[in-house]
Amino acid sequence: MIIKVCGMTRAEDVEFCDALGIDLLGFIFYPESPRNVAQDWVAAQKPGRALKTGVFVRQGVEEIRAIATGAGLDLLQLHGGHTVEQCLALGPERVIKTMWPERYPTVERLASDMLLFAPACRAILLDSGKSGGGHGRSLLPKDLQRLQCPHPWYLAGGLGPHNLTVMKTTGAAGFDLNSGVESAPGIKDHEKIRHALQLLRGKP
Ligand SMILES: O=C(O)c1ccccc1NCC(=O)[C@H](O)[C@H](O)COP(=O)(O)O
C-alpha cells in the first residue's frame, strides 16, 4: 500500500514523514494554494526514502519538466486538465494523473476514462470535487467499492484518522493525506499522521 502526505511546506514535516515510512511527499506548485512552495525550497529537501512528488495544476509539459529538474522531483502529479499526450510526454513511469469521480454520471464511465489514462501513468489519483484539490471533503466509499479498474488507483479527499477505516474498504492501492492530517493549511499534525499510518498499515 502506498501512502502519500501532500502539501509539505516545512522541513520538519518532510523529515518526520520520511522517517515514519511515508512513501510519497507532495509539494504543491500552485500559487493559489495555501500550500504552494518554491522550487528552491523543494530542491533543498532531501528525504532518504520517500519520493518527492510535484503537484501541478496549470503548467504545461515544458514548465513541468523545468520545475521537475530544478526541484529534484521523482514523480509528477498532474492535478489539472492534463491530457493523455501530456502524460506520455512527461513519462508514464513518473506520472500520477488526478481524476475527479464527481465529474462522472456513473462509476462505469469513470472506469472507462481511467482505462484510457492507464497506459500514460503509473497510478491514478481519485480526488473529491470537480477540479483542484485540498477541498477537505471525502468521496463516498460505497461508490468506489463498485469501481472495477485494473490499473493502480489512489484515493484522496479529506482523508484522516476519522475515516480511514471505512475508506480502506474501497480497495484503493494508495491513500493521499492532506488537510485531514493538518492543524492549519500546510502545517502537518504529526500525531494525526502517526495515527493514520497505524490505521492503514496496522503498525505502531
Ligand atoms: O492541497 C491543495 O492545496 C491543492 C490545491 C490545488 C490542487 C491540488 C492540491 N492538493 C493536491 C493533493 O494531492 C491533495 O492531497 C488532495 O487534493 C486531497 O486534499 P484534502 O482533501 O485536503 O485531503
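## Strand pairing and the barrel

Two strands count as paired if DSSP finds at least two bridges between them. In this predicted model, the bridge partner of Ile124 in strand 7 is Trp153. Ile124 belongs to strand 6, which spans residues 123–126, and strand 7 covers residues 153–155; the two strands pair in the parallel sense over three bridges.

This pairing is part of a closed barrel of eight strands, ordered 1-2-3-4-5-6-7-8 and paired in parallel. From one strand to the next, the twist averages 25°.

## Helices on the sheet

Helix 3, residues 61–71, packs on the sheet and touches strand 2 (24–29), strand 3 (51–56) and strand 4 (75–78). The direction of helix 3 makes about 150° with that of strand 3.

Helix 5, residues 107–117, lies across strand 5 (95–99), strand 6 and strand 7. Relative to strand 5, helix 5 runs at about 160°.

## Helix 8

Helix 8 is made of 12 residues, 190–201. From its first C-alpha to its last it reaches 16 Å, close to the 16 Å expected at 1.5 Å a residue.

Which residues of helix 8 are buried? They are Ile193, Ala196, Leu197 and Leu200. These residues cover an arc of only 100° around the axis, so they sit on the same side of helix 8. The buried residues pack against strand 1 (2–5), helix 1 (11–20), helix 7 (164–167), strand 8 (174–177) and strand 10 (187–188).

Just after helix 8 comes Gly202, which takes a positive phi of about 70°.

Key
Residues numbered from 1 in each chain as written. Predicted model: local features only at pLDDT ≥ 70, side-chain atom pairs only at ≥ 80, totals over all residues. Helix = DSSP H or I, 4+ residues; strand = E, 2+ residues; numbered from the N terminus. Axes fitted to C-alpha atoms, helices over the stretch in contact; angles between N-to-C directions. Contact = placed C-beta atoms within 7 Å. Expected span 1.5 Å × (residues − 1). Buried ≥ 20, exposed ≤ 12 C-beta atoms within 10 Å, placed from the backbone. Arc of directions from axis to C-beta.
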